[in-house]
Amino acid sequence: MPTDVQIRAGAAERLSRMIQLPTVSAELETRGAEPFEAFVALLEELYPHMHKLLERERVTDFGLLYRWQGADSTQDPAVLMAHYDVVPVDERDAWTYPPFEGRIENGWVYGRGTLDDKGPLLVTLEAVENLLAAGYTPARDVYISLGGNEETFGDAAAAIAKLLKDRGITPWIVLDEGGAVVDSILPFTNGAAAMVGVGEKGIASVRLSAKSDGGHASVPPPLTAVGRVSKAVTKLTPGTFPAKAPTAIPRMLGTVAPRATGPGKPIYKLLSSWPWLNARVFAALGGEPAAMVRTTIAPTKLSGGTANNVLPSNASATVNLRLALGETVGDTVRRLRKAIGDDEISLEVLEGNDASPESPSDGPQFALIRTAVSASHPEAITVPYVTMAATDSRYFHKYFPHVYRFAPLMMTAEQRAAIHGVDERVQISELARGELFHRTFIENL
Ligand SMILES: [Zn+2]
């Protein structure tokens, strides 16, 4: 039974105020912490019920954790996540309106962070505030976890996840950014789809290096350091890592099949019942489908040698890997070593994050997301997929099994390209739909 809620007007103006604060985490050194403190104060001003009725803790300098006590606090809580920092703007880019002006024009709000992630943050808080104003109490506790250094891989979300774990709390569901409502996801399909990330890939940068005796290049050994490293790099092909389809893929195809057109219908239906075939077909397709089913390798740097006629004493190459679901950095390095098969090449992990596990797409948590989507975006099917980018929720996925990545806003391909790019913007009507998503989500917990 839906709660009798008065929807507060002015969501676009509130988002505009958030955009006007340049919470650029990568420019913290030059801009200082002031925009971040101002953002925390702005939330207090814009969401008075929330700040009166919910407990708020500051966790590290950039994390905010709110607790909304539910009717039955013995039940595992829900955690709604978002981040309030944004990526920098390239001064050379020509924005239609200044990126931190928060311009409202023709039904849109423009500016850095409107989609990533202040828009999704706003719709979450709007729903909470509207429900609180109506005197609503959720069935279970609801935590709201806001981070201010997601874009710089900061520690706020990690600290919040650890805090919950240390308190013996295992959330029933965690919901963060990562997916969106998009248009036609695969060939021979049409219509909108709410893409819900049930896992996210890991990342590793690994340096391969070799040493050899220097000397004059007129009497070279069979293999110099440069030759050895080059040889190692050529051994790393897309096939170095086996393709394995996450459970989400056959489910995605099964969900898409009834809506597919032409040859899509029989193809997706068939593929959905043969998971082993999915892995091969997706791998063969290359691009994003291949990236969903396997660890990808991209050699990104190569260096060695000092002069045209001198044997190099050192050479190195860096490869950037995106780890398939369930893979660890350790597994990945072991497999690299095996593929290279040369003890003279040393491997060094420069940075690394394990991939997340996969959250179930057949349980009550996924069904709840589907219910909320059918209220906010009734034209969309709800589809599980693998998020390629890193989100703060990976820290939660380390401890908790039910983590989902979805922002309930329609984002066209052009809009998605504007995330971290130029003319990032959100449609005001989508803010209303996002609020409805979260309100439905909370009411059905
Ligand atoms: Zn983000």
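**Group meeting talk: a zinc site and its surroundings**

Hi everyone, let's start at the metal: along the chain, the donors of the zinc ion follow the spacing H-x32-D-x60-E. Before I go on, please keep in mind that this is a predicted model.

So which protein atoms hold the zinc ion? They are NE2 of His83, an OD atom of Asp116, and Glu177, which appears twice through OE atoms, with distances from the zinc ion of 1.9 to 2.5 Å. Now the geometry. The angles among the 4 donor atoms run from 54 to 149°, and the site is irregular. For reference, four tetrahedral donors would ideally show 109.5 degrees.

Where do the two acidic donors sit? Asp116 is in the loop between β5 (108-110) and α5 (118-133), while Glu177 is in the loop between β7 (173-176) and β8 (181-183), so this pair ties together parts that are 61 residues apart in sequence. Asp116 and Glu177 are both buried.

Stay with Asp116 for a moment, please. The peptide bond that joins Asp116 to Asp117 is cis, with omega at about 5°. Most peptide bonds are trans, which makes this one a good spot to look at on your screens. Asp117, like the zinc donor we just met, belongs to the loop between β5 and α5.

While we are on backbone angles, there are two residues to show you. As a reminder, most residues other than glycine have a negative phi. Phe153 is not a glycine, yet its phi is positive, about 55°. Look for Phe153 in the loop between β6 and α6. Is Phe153 buried or exposed? Phe153 counts as exposed because its relative accessibility is 55%. The other residue is His420, again not a glycine, with a positive phi of about 65°. His420 sits in the loop between α15 (413-418) and β16 (425-427). With a relative accessible area of 46%, His420 is partly exposed.

Next, charges. How many salt bridges does the structure hold? The count is 22. Side chains of opposite charge can pair when their charged atoms come close. I picked three examples to walk through.

One of them joins the side chains of Asp141 and Arg67, at 2.9 Å from N to O. This pair links distant parts of the chain: Asp141 is in the loop between α5 and β6 (142-147), Arg67 is in strand β2 (residues 63-68), and their positions lie 74 residues apart in the numbering. Both Asp141 and Arg67 are buried.

Another example stays within a helix. Lys162 pairs with Asp166, and their closest N and O atoms are 2.9 Å apart. Both residues belong to helix α6 (residues 156-166), 4 residues apart, or about one turn of the helix. Lys162 is partly exposed, at 41% relative accessibility.

The remaining example is Asp331 with Arg334, where the closest N and O atoms are 3.1 Å apart. These two are separated by about one helical turn, because they are 3 residues apart in helix α12 (residues 329-340). Asp331 has a relative accessible area of 29% and is partly exposed, whereas Arg334, at 56%, is exposed. Coming back to the buried pair, Asp141 and Arg67 also belong to a network with Glu55, joined by salt bridges that share partners.

Let's finish on the surface. Which residues form the nonpolar patch there? Leu270, Trp274 and Trp276 do, and together they have about 350 Å² of accessible area. Leu270 is placed in helix α9 (residues 264-272), and at 46% relative accessibility Leu270 counts as partly exposed.

Ser273 also deserves a look. Ser273 lies in the loop between α9 and α10 (275-285), and is partly exposed at 48% relative accessibility. What does the side chain of Ser273 reach? The answer is the backbone oxygen of Leu270, at 2.9 Å, so we are back at one of the patch residues. Ser273 can also be placed relative to Leu253: the two are 20 residues apart in sequence, and their C-alpha atoms are 9.0 Å apart in space.

That's my tour. Thanks for listening, and I'm happy to rotate the model to any of these places.

Note on methods
Residues are numbered from 1 along each chain as its sequence is written. This is a predicted model: local features need pLDDT of at least 70, side-chain atom pairs count only at pLDDT 80 or more; totals for chains, interfaces and linings use all residues. Side-chain values use heavy atoms; hydrogens and water are left out. Patches are made of residues with over 30% relative accessible area and no salt bridge: like charges are joined within 9 Å, nonpolar side chains (Val, Leu, Ile, Met, Phe, Trp, Tyr) within 5 Å. Accessible areas come from the Shrake-Rupley method with a 1.4 Å probe; for residues, only the protein chains shown count as cover. A salt bridge is a side-chain nitrogen of Lys or Arg within 4 Å of a carboxyl oxygen of Asp or Glu. Buried means under 20% relative accessible area, exposed over 50%, partly exposed in between (1.4 Å probe, protein chains only). Donors are N, O and S atoms within 2.8 Å of the metal (3.2 Å for Na, K and Ca); water is not among the atoms, so sites may look incomplete. Four donors count as tetrahedral if all angles lie between 85 and 135 degrees; four count as square planar and six as octahedral if opposite donors are over 155 degrees apart and all others between 65 and 115; anything else is irregular. A polar contact is a pair of N or O atoms within 3.5 Å; within protein, one must be able to donate a hydrogen and the other to accept it, and residues adjacent in sequence count only if both atoms are side-chain atoms.
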